[in-house]
Amino acid sequence: LSVQANISGNANLLPEKSTSKTAGRVWEPVKDWSVSLDYFQIERRNEISSLDITYLLANQQDPNFAQFITRDAGGHIVSVALPYINIGRTKVSGYDLDLKGKKNLGEWGKLNLRSTMSINKEYLITPFPDSPTVDYNKTHDQPAFRSTLAVGWEKGPWTHEISTSYVSGYAYIGTPAETCNIDKIYGAPLSYCQVGSNQTYNWFTGYKGFKNIELTFNISNLFNTSPSFDAQSALANGSYPYNPDYSSPLGRRYAVMAKYTFQ
């Protein structure tokens with residue numbers, strides 16, 4: 001069974017508006033070590049978009065959405081209208097944490113550390129002016145936590161660093177109003193209802209022992225980690241089985257570079 005969906009323009013659109021708020025603080029508890037914490041809040045209003053058909057059908061009993069659904073004499077849906085409208089409001093808030101430090105090891109060189117963390121507190125969407133606000137945090141494409149960590153060691157002309165990046169998992173469904181029925185539609189296991197977290201490691205070595213020359217050696221995806229399987233991409237869209245925003249299908253990769261500085 002298919003339903004006709006009609007996307008149309010709207011001459012009565014209003015301009016979008018947004019408001020951003022940030023507040024932060026930096027601590028330096030000891031020399032060469034610092035911690036910064038920032039709170040952010042971004043709100044967009046009068047957002048221009050067409051109605052999401054999944055959300056529309058899930059809330060078809062709402063009087064606000066009835067006008068966009070056409071039914072036949074038997075009450076069956078024959079078409080839906082998805083015009084561009086000032087559809088609602090999105091409000092995102094969370095925290096960013098940065099840690100930087102270095103430790104002098106004397107004749108053993110110097111140790112460096114840097115780390116970043118981003119925590120999404122909420123991803124609130126009001127899909128229609130008079131509709132209830134829904135938190136989309138941890139649904140598809142909205143991981144709640146991301147982080148990076150790098151530890152480096154410098155001694156003489158040598159520099160070595162190992163780093164890692166992490167993205168937390170999220171639900172297969174695109175909206176909180178949906179139910180993951182991947183088993184009924186595709187015959188896939190219910191474990192696909194959750195996209196797993198993804199973590200990769202990288203290695204870097206640099207050498208500056210030659211005059212005006214810098215040599216570097218990189219290994220990306222050190223442990224040849226596969227991207228987390230994303231059923232939304234693999235099945236619903238019929239494309240690649242991973243989310244390109246947070247992971248890559250490329251396995252372990254090597255790079256050797258030489259840089260010469262003219263003086």
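This section describes the nonpolar cores, a surface patch and two buried polar residues of a predicted model.

The largest nonpolar core comprises 17 residues. Leu51, Leu56, Phe65, Val80 and Phe128 have the most contacts inside this core. At least two core residues come from each of four elements: helix H1 (53–58), strand S5 (77–81), S6 and S7. Of the contributors, S6 gives the most, with three residues. Val80 illustrates the packing. Beyond its neighbours within four places in sequence, Val80 is in contact with Ile53, Leu56 and Leu57, among others. Phe68 and Ile69 are also among the contacts of Val80. So are Val3, Gln4, Ala5 and Asn6. A second core is separate and has eight residues, including Ala171, Tyr172, Cys180 and Ile182. In soluble globular proteins, nonpolar side chains tend to be buried together.

Nonpolar residues also appear at the surface. Leu105, Trp108, Leu111, Leu149, Val151, Trp153 and Ile162 make a nonpolar patch of about 590 Å². Strand S9 (residues 145–155) is the main contributor to the patch, giving three residues. Trp108, one of the patch residues, sits in the loop between strand S6 (84–104) and S7. Trp108 counts as exposed because its relative accessible area is 56%, and the cut-off is over 50%.

Glu122 belongs to strand S7 (residues 110–126). Its relative accessible area is 14%, under the 20% limit, so Glu122 is classed as buried. The side chain of Glu122 makes a polar contact of 3.0 Å with the side chain of Ser93. Ser93 is one of the residues in contact with Glu122 beyond its neighbours within four places in sequence; the others are Lys91, Val92, Asp135 and Asn137. Glu122 and Asp135 are 13 residues apart along the chain, yet their C-alpha atoms are separated by 6.3 Å.

Thr139 lies in the loop between strand S8 (134–135) and S9. Thr139 is likewise buried, because its relative accessibility is 5% and the limit is under 20%. The Thr139 side chain reaches the backbone oxygen of Tyr136 at 2.5 Å. Leaving aside neighbours within four places in sequence, Thr139 is in contact with Tyr170, Ala171, Ile173, Gly174, Thr175 and Pro176. Ala171, one of these contacts, is included in the second core.

Definitions and conventions. Residues numbered from 1 in each chain as written. Predicted model: local features only at pLDDT ≥ 70, side-chain atom pairs only at ≥ 80, totals over all residues. Heavy atoms only, no water. Buried < 20%, exposed > 50% of the residue type's maximum accessible area, 1.4 Å probe, protein only. Contact = heavy atoms within 4.5 Å. Polar contact = N/O pair within 3.5 Å; in protein donor to acceptor, adjacent residues only side chain to side chain. Patch = residues over 30% accessible without salt bridge, like charges linked within 9 Å, V, L, I, M, F, W, Y side chains within 5 Å. Areas by Shrake-Rupley, 256 points an atom, 1.4 Å probe, with all protein chains shown as cover. Salt bridge = Lys/Arg side-chain N within 4 Å of Asp/Glu carboxyl O. Core = buried A, V, L, I, M, F, W, Y, C linked by side-chain atoms within 4.5 Å.
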